[in-house]
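Subject: Structure handover

Hello,

Here is the structure for you to look over. Please open it alongside this email.

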Amino acid sequence: MNTSVVTVRRVEREDAGWKARYKTFFSGCEVRKVGRKTHTYFAAYSGEDIVGHSVIYFEKGRWIMDGLRVDPEFRERGIAKLLTEARIRHTIGQGAGEIWYACEDGNLVTICCHLRYGFEKICRHSRHCTAATAHWYRLRITPELFRKFPSLRPA
Ligand SMILES: CC(C)(COP(=O)(O)OP(=O)(O)OC[C@H]1O[C@@H](n2cnc3c(N)ncnc32)[C@H](O)[C@@H]1OP(=O)(O)O)[C@@H](O)C(=O)NCCC(=O)NCCS
């Protein structure tokens, strides 16, 4: 495996080749299927190998990030951040005013890749929950976000 250069790209075609590599990459992981929901996958590649993967999908009026994983051999090199930024940028480009994410407290995915951008924990109005039982996070797309992270501005 060539470990020197890793590139993050949108998955343009969910063809048989990608499906096979996706399955191998997530073997042993519990991954929620996006089914027929509007969605976009982003993958990190080292050569032709998938070394990181993630998705953003649209459900019930909300854009939701999910399925973030980086190959253990490629961790702590900023790949998860690149995958998250690619998803945020893409979704802002779709006109999103906010982006959501669901995760349990203490999960490294949330700590590493979402809080830094300003995701805030939200207790959804329709449910009774406390700060401890709420697992939804929301990022509002504001001018402040672009001031702090200019790279999130869509091209
Ligand atoms: C969480 C995960 C996605 C992070 O991927 P990554 O590419 O290593 O993350 P990055 O290198 O982009 O790091 C982002 C930030 O998190 C921090 N971070 C990453 N790994 C960390 C660790 N083990 N401990 C503490 N901080 C960590 C980094 O320091 C970085 O912050 P900084 O740039 O301010 O220093 C990766 O560890 C992973 O895939 N874990 C398993 C996720 C999982 O179980 N998914 C479910 C499907 S199997």
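Below are the findings, starting with the ligand and ending with one residue.

Please keep in mind that this is a predicted model.

The ligand

The shell around the ligand has 16 residues. The closest are Cys29, Arg75, Ala80, Lys81 and Cys112. By type, 10 of the shell residues are nonpolar, five are charged and one is polar. Three elements each supply at least two of them: strand 4 (62-70), helix 2 (79-93) and helix 3 (108-113). Helix 3 gives the most, with four residues.

The nonpolar core

In soluble globular proteins, nonpolar side chains tend to be buried together. Here the largest nonpolar core holds 27 residues. Ala44, Ile79 and Leu83 have the most contacts inside this core. Two or more core residues come from each of strand 1 (6-10), strand 2 (39-46), strand 3 (49-59), strand 4, helix 2, strand 5 (98-102) and strand 7 (136-140). Helix 2 has the largest share, at six residues. Helix 2 therefore appears twice in this email: it supplies at least two residues to the ligand shell, and it gives six to the core.Take Ala44 as an example. Leaving aside neighbours within four places in sequence, alanine 44 is in contact with Val6, Val8, Val51, Gly52, Ile79, Leu82 and Leu83. Two of the core's best-connected residues, Ile79 and Leu83, are on that list.

The strands

Strand 2 and strand 3 run antiparallel and are joined by eight bridges. One pairing to look at is threonine 40 with isoleucine 56 in strand 3. The hairpin of these strands has two residues between them, and glycine 47 takes a positive phi near 65° there.

Strand 3 also runs antiparallel to strand 4, with seven bridges between them. This hairpin has two residues between its strands as well. Here lysine 60 takes a positive phi near 45°. Glutamate 59 has arginine 62, in strand 4, as its bridge partner.

Arginine 62

Is arginine 62 buried or exposed? Neither label fits, because arginine 62 has 13 C-beta neighbours inside 10 Å and so counts as partly exposed. A buried residue would need 20 or more, and an exposed one would have 12 or fewer. Arginine 62 sits in strand 4. Its C-alpha atom is separated by 9.4 Å from that of glycine 97, 35 residues apart along the chain.

Best wishes

Conventions:
Residues are numbered from 1 along each chain as its sequence is written. This is a predicted model: local features need pLDDT of at least 70, side-chain atom pairs count only at pLDDT 80 or more; totals for chains, interfaces and linings use all residues. A residue is near a molecule or strand if its C-beta atom, placed from the backbone, lies within 6 Å of it. Ala, Val, Leu, Ile, Met, Phe, Trp, Tyr, Cys and Pro count as nonpolar, Asp, Glu, Lys and Arg as charged, and the others, Gly among them, as polar. A nonpolar core is a set of buried Ala, Val, Leu, Ile, Met, Phe, Trp, Tyr and Cys residues joined through C-beta atoms within 7 Å. Two residues are in contact if their C-beta atoms, placed from the backbone, lie within 7 Å. Two strands pair if DSSP finds at least two bridges between them.
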